Amino acid sequence: MAIQTIPTQPFAGQRPGTSGLRKKVTVFTQPYYLENFVQALLDVLNASGADGQTLQGETLVLGGDGRFYNRTAVQVILKLAAANGVACVLLGRGGILSTPAASAVIRHRQAFGGIVLSASHNPGGAEGDFGIKYNAGNGGPANEALTEAVYARTQLVRELRISDASDIDIDRLGLQQLEQMQVEVIDPVADYAAVMRKLFDFEMLRGMFRRGFSLRVDAMNAVGGPYARAILEDELGAPAGTVVNAEPLEDFGGLHPDPNPVNADNLIAHMQRPDAPDFGAAMDGDADRNMVVGRNFVVAPSDSLALMTAYARLIPGYQDGLRGVARSMPTSAAVDRVAKAMGLPCFETPTGWKFFGNLLDAGRVSLCGEESYGTGSSHVREKDGLWAILFWLSLQGATGRSVETLVREHWRVYGRNYYTRHDYEGIAVDTANTLMADLRAALPALPGHCFGYRRVVLADDFSYADPVDGSVSGQQGIRLVFDDGARVIFRLSGTGTEGATLRLYLERYEADVTKQDQPVQQALTELAAVAEQVAGIRARTGMAGPTVAT
Ligand code: G16
């Protein structure tokens with residue numbers, strides 16, 4: 001075996017989005033497409049940073065959600081790493097690591113960083129999507145400065161340094177050698193499970209299952225299956241079959257592994273049956289997202305974060321209280337009300353888990369969440385689907401209350417933030433960009449303007465100044481805030497791979513207990529009409545309505 005130097009040409013468009021570089025598999029499988037991106041990443045990591053640290057002689061973690069091309073990509077990355085000075089790679093067996101598990105391994109093993117192969121909730125298979133992202137030594141997604149440096153490097157890369165060694169056996173636990181580099185194939189579940197044991201009262205949870213508590217977790221044929229089985233069924237004693245669609249498949253068995261009521265409709269239907277289990281939940285492709293469902297009752301992610309905050313002290317890992325909480329800007333303000341009542345700092349960040357990293361590292365927040373079915377805490381630096389399931393399981397065990405009762409009681413105390421997100425998928429990129437540019441241009445005239453009985457009190461393009469490192473991220477979404485606290489927000493998705501996706505987020509607050517039981521879409525019809533009036537989405541796109549409304 002020998003290290004080869006191979007000439008290459010830059011590819012356009014290798015700029016990471018909200019969460020790494022995501023493209024169609026057909027794009028990733030072009031000769032040298034993956035190689036170029038990884039070489040650019042390794043070059044940046046090998047260039048001495050402000051702290052003088054480089055990748056030379058260091059350890060990287062590697063694994064992915066098991067989707068199509070995962071196994072091939074792992075071999076390519078190992079050979080590039082071996083030729084670029086990496087001393088050791090910790091690889092999840094079979095090339096598998098859920099996103100939160102990758103974060104846990106990076107932290108536990110004090111690795112330099114990690115490469116996570118995932119396109120998250122995007123469909124898989126040969127015709128589906130693939131993705132790659134880098135997580136830093138804190139276990140969290142690389143910040144924008146680093147992803148921009150990698151992008152800049154992709155535009156200059158002319159040479160690949162890669163080993164011509166034969167493939168290693170990624171299914172065999174233990175040490176193997178690749179050039180000067182060691183590859184340690186590790187159990188993908190072990191480090192993660194150890195973190196969960198520290199946070200939750202596993203004895204209490206075992207007792208719940210012994211007494212017949214019933215749970216259905218839909219792993220959507222994705223990477224969460226082995227984790228959920230190992231922890232819920234093998235360790236906590238939930239009956240076999242509690243985790244369904246538990247075998248990770250390269251194409252997710254045709255499922256769209258996005259845990260929302262539309263894509264996880266099978267779980268929703270199950271939870272509406274007369275013999276529904278006590279509790280239902282689903283995870284996404286890389287097991288960092290979660291949806292929480294009670295009997296015939298779906299919990300909105302924004303509400304989930306608010307309830308977790310309110311009840312955190314019931315969980316051993318958070319019994320000393322929270323430092324603070326954070327939510328992404330489009331996430332509803334339900335958690336703000338809880339934070340205020342509890343005297344906790346509450347931060348509003350742009351969309352993207354990477355923006356929580358500094359707050360978590362600085363010890364300023366303990367819980368974070370997003371409307372896009374993501375919740376997490378300081379235990380790792382990613383959102384975490386199974387952690388959220390264990391959290392909600394624990395809340396039910398500790399209070400003896402059902403999911404629905406917990407949420408309704410919460411609304412009675414704090415009021416309800418009616419909330420929905422409308423996605424307009426597959427819009428022409430030009431149309432979407434023009435829509436956003438026109439909205440931006442219209443912003444100065446909007447404050448003071450009335451739509452029905454609501455008056456606009458704030459109209460801006462959200463900009464975030466990170467309170468820890470002072471970096472500023474602009475153009476993070478257009479928001480209209482009204483005098484009654486209602487909000488209408490427009491932004492373009494940063495995770496899609498085809499055309500553009502416009503996301504419209506609608507929220508209004510209802511304190512009156514007698515008015516907290518309306519169907520969500522009905523409760524937000526007026527605000528949807530305001531959004532249409534302001535943005536003219538239908539006329540511009542020719543679409544009669546959103547492709548997905550959750
Ligand atoms: C990623 C980010 C999340 C973000 C979501 C949606 O999630 O990590 O922070 O909320 O994308 O982003 P967008 O609205 O730009 O599509 P994941 O689960 O895809 O990694």
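**Notes on cavities, pockets and one helix pair**

1. The largest cavity in this model has a volume of about 260 Å³. It's a predicted model, by the way. The cavity is lined by 26 residues, and Thr18, Arg289, Ser372, Lys383 and Thr495 are the ones closest to its centre. If you're thinking about what faces that space, the lining splits into 13 charged, 10 polar and three nonpolar residues.

2. How many cavities of 30 Å³ or more are there? The count comes to six. I only go through the top two by volume here.

3. The second largest cavity holds about 120 Å³ of space. Its lining is made of 17 residues, with Gly20, Lys133, Tyr134, Ala142 and Thr147 closest to the centre. Helix α2, strand β6 (129-135) and helix α5 are the elements that each put two or more residues into this lining. By class, the lining of the second largest cavity has 10 nonpolar, five polar and two charged residues, whereas the largest cavity has three nonpolar, 10 polar and 13 charged.

4. On to the open spaces. The largest pocket comes out at about 940 Å³. There are 34 residues around it, and Gly17, Thr18, Leu492, Ser493 and Gly494 sit nearest its centre. Thr18 is worth a second look, since this residue is listed among those nearest the centre of the largest pocket and also among those closest to the centre of the largest cavity.

5. Which elements give two or more residues to the lining of the largest pocket? They are β2 (21-24), α5 (144-154), α15 (429-442), β25 (487-492) and β26 (500-510). Helix α15 provides the largest share, with five residues. In terms of class, the lining of the largest pocket has 17 polar, nine charged and eight nonpolar residues.

6. The second largest pocket has a volume of about 730 Å³. Its lining counts 30 residues, and nearest the centre are Ala136, Ala142, Asn143, Ala145 and Leu146. Two or more lining residues come from each of α2 (33-46), α5, α12 (357-361) and β23 (472-473). The class split for the second largest pocket is 14 nonpolar, 10 polar and six charged. Ala142 is another name that turns up twice: here, nearest the centre of the second largest pocket, and again by the centre of the second largest cavity.

7. A quick word on Thr501, which is found in strand β26. Is Thr501 buried or exposed? Its relative accessibility is 11%, and because the cut-off for buried is under 20%, Thr501 counts as buried. Leaving out residues up to four places away in sequence, Thr501 touches Asp423, Tyr424, Glu425, Gly426, Arg491, Leu492 and Ser493. Of these, Leu492 and Ser493 are also among the residues nearest the centre of the largest pocket.

8. Last, a helix pair. The axes of α10 (residues 301-311) and α14 (residues 403-414) come within 11 Å and cross at roughly 80 degrees. Angles of 65 to 115 degrees count as roughly perpendicular, so α10 is roughly perpendicular to α14. On the α10 side the contact uses Asp303, Ala306, Leu307, Ala310 and Tyr311, and on the α14 side Leu406, Val407, Glu409, His410, Trp411 and Tyr414. Sorted by class, the contact of α10 with α14 has eight nonpolar, two charged and one polar residue.

Notes:
Residues are numbered from 1 along each chain as its sequence is written. This is a predicted model: local features need pLDDT of at least 70, side-chain atom pairs count only at pLDDT 80 or more; totals for chains, interfaces and linings use all residues. Side-chain values use heavy atoms; hydrogens and water are left out. Axes are lines fitted to C-alpha atoms, for helices over the stretch in contact, and angles run from 0 to 180 degrees between N-to-C directions. Helices (H or I, at least four residues) and strands (E, at least two) are DSSP runs, numbered from the N terminus. Angles under 35 degrees count as roughly parallel, over 145 as roughly antiparallel, 65 to 115 as roughly perpendicular and the rest as oblique. Contact means heavy atoms within 4.5 Å. Ala, Val, Leu, Ile, Met, Phe, Trp, Tyr, Cys and Pro count as nonpolar, Asp, Glu, Lys and Arg as charged, and the others, Gly among them, as polar. On a 1 Å grid over the protein atoms alone, a cavity is a set of points where a 1.4 Å probe fits but cannot get out, and a pocket is an open set with protein on both sides within 12 Å along at least five of seven lines; lining residues have an atom within 4 Å of a point. Grid points are joined across faces, edges and corners, and a volume is the space filled by probe spheres set on the points. Buried means under 20% relative accessible area, exposed over 50%, partly exposed in between (1.4 Å probe, protein chains only).
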